[in-house]
Amino acid sequence: GQITLAQGDVTDPAFVRSLFEGRRIDALVNNAGISAHGLLIDTTDEQWDELLRVNLTACFYTCREALRQMMPRGSGAIVNISSMWGRTGASCEAAYSASKAALIGLTKALAKELGPSGIRVNCVAPGVIDTDMVQVLGKETLDMLAEEIPLGRLGKPQEIAQSILFLADYAGYTTGQVIASDGGFIL
């Protein structure tokens with residue numbers, strides 16, 4: 001099959017609509033995300049709104065558009081990208097944790113809603129993955145985190161991609177699940 005990668009502002013519903021025009025969508029991966037560190041009391045209204053807009057509302061927009069195609073066909077797969085912090089919460093990342101927990105709730109609700117239409121909806125909850133987003137923590141912090149991970153290392157982006165591919169293409173009888181790709185971090 002053909003994979004289309006698109007980059008743009010998924011918090012803009014008009015842009016999202018344009019992404020889906022003239023394209024057949026068999027699987028949708030919602031991986032737009034931003035993080036924020038700091039105490040909740042110091043979180044501004046703007047920071048909170050932006051985090052929810054990117055991490056949750058954008059997923060709503062893309063799912064809504066994809067479902068316009070998937071529902072009449074009676075098939076399709078949606079994979080949302082949450083986080084281990086969406087499963088457990090993280091100190092000094094309340095807004096991020098809340099947005100990622102909401103994605104898990106959306107995933108499960110849509111799995112129930114769309115199962116009768118033949119559409120599967122699942123979620124990947126990555127742990128500490130070696131990306132630019134975590135490099136800001138610094139080597140010392142990342143080394144300490146790696147020591148806490150049962151597999152003893154940070155995850156690789158391609159390992160998350162493999163989990164996504166499994167859910168999108170190979171897991172035909174799996175829906176409503178959260179796959180923890182975190183090296184065992186939150187066992």
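A residue counts as partly exposed when its relative accessible area falls between the limit for buried, under 20%, and the limit for exposed, over 50%. With 36% relative accessibility, Cys92 is therefore partly exposed, and the same yardstick will help with a few aromatic residues further down. Welcome to this structure, which is a predicted model. The protein holds seven helices and four strands, and the points below take you from the whole fold to single residues.

**Overall form**

- Followed along the sequence, the helices and strands give the pattern α-β-α-β-α-α-β-α-α-α-β.
- The protein has a radius of gyration of 17 Å, which agrees with the value near 16 Å for a compact globule of 187 residues.
- The C-alpha trace spans about 50 × 35 × 30 Å along its principal axes.
- Of the 187 residues, 39% count as buried.
- The accessible surface comes to about 10600 Å², and carbon and sulfur atoms contribute 54% of that area.
- Among the contacts with a separation of 6 or more, 75% are between residues 24 or more positions apart.

**The sheet**

- The four strands form an open sheet in the order S1-S2-S3-S4, and their pairing is parallel.
- Strand S1 (27–30) and strand S4 (178–181) are the edge strands; each has a single partner strand, so one side of each has no neighbour in the sheet.
- On average, neighbouring strands of this sheet are turned by 20 degrees against each other, with direction ignored.
- Strand S3, made of residues 119–126, runs parallel to S4 and is joined to it by four bridges.
- For a landmark on these two strands, look for Val124, which stands opposite Ile179 in S4.

**Helices across the sheet**

- Helix H2 covers residues 45–73 and lies across S1, strand S2 (76–81) and S3.
- The direction of H2 is at about 175 degrees to S1.
- Helix H7, residues 157–170, lies across S1, S2, S3 and S4.
- The angle between H7 and S3 is about 165 degrees.

**Aromatic pairs**

- Two numbers help when you look at such a pair, since aromatic rings are described by the distance of the centres and the angle of the planes.
- The structure holds two aromatic pairs.
- One of them joins Phe60 and Tyr61, with ring centres 5.5 Å apart and planes at 45 degrees, so this pair is tilted.
- Phe60 is partly exposed at 42% relative accessibility, while Tyr61, at 16%, counts as buried.
- Trp85 and Phe185 also pair: their ring centres are 5.9 Å apart and their planes stand at 90 degrees, so the arrangement is edge-to-face.
- This pair links distant parts of the chain, as Trp85 sits in helix H3 (residues 84–88) and Phe185 in the segment after S4, 100 residues apart.
- Trp85 has 21% relative accessibility and counts as partly exposed, whereas Phe185 is buried with a relative accessible area of 16%.

**Back to Cys92**

- Cys92 lies in the loop between H3 and helix H4 (94–114).
- Although Cys92 is not a glycine, its phi is positive, at about 65 degrees.
- As noted at the start, Cys92 is partly exposed, because its 36% relative accessibility lies between the two limits.

Note on methods
Residues are numbered from 1 along each chain as its sequence is written. This is a predicted model: local features need pLDDT of at least 70, side-chain atom pairs count only at pLDDT 80 or more; totals for chains, interfaces and linings use all residues. Side-chain values use heavy atoms; hydrogens and water are left out. Two strands pair if DSSP finds at least two bridges between them. Axes are lines fitted to C-alpha atoms, for helices over the stretch in contact, and angles run from 0 to 180 degrees between N-to-C directions. Contact means heavy atoms within 4.5 Å. Rings of Phe, Tyr and Trp (its six-membered ring) pair if their centres lie within 6.5 Å; planes under 30 degrees apart count as stacked, over 60 as edge-to-face and the rest as tilted. Buried means under 20% relative accessible area, exposed over 50%, partly exposed in between (1.4 Å probe, protein chains only). The radius of gyration is taken over C-alpha atoms; the globule rule is 2.2 Å times the number of residues to the power 0.38. Accessible areas come from the Shrake-Rupley method with a 1.4 Å probe; for residues, only the protein chains shown count as cover.
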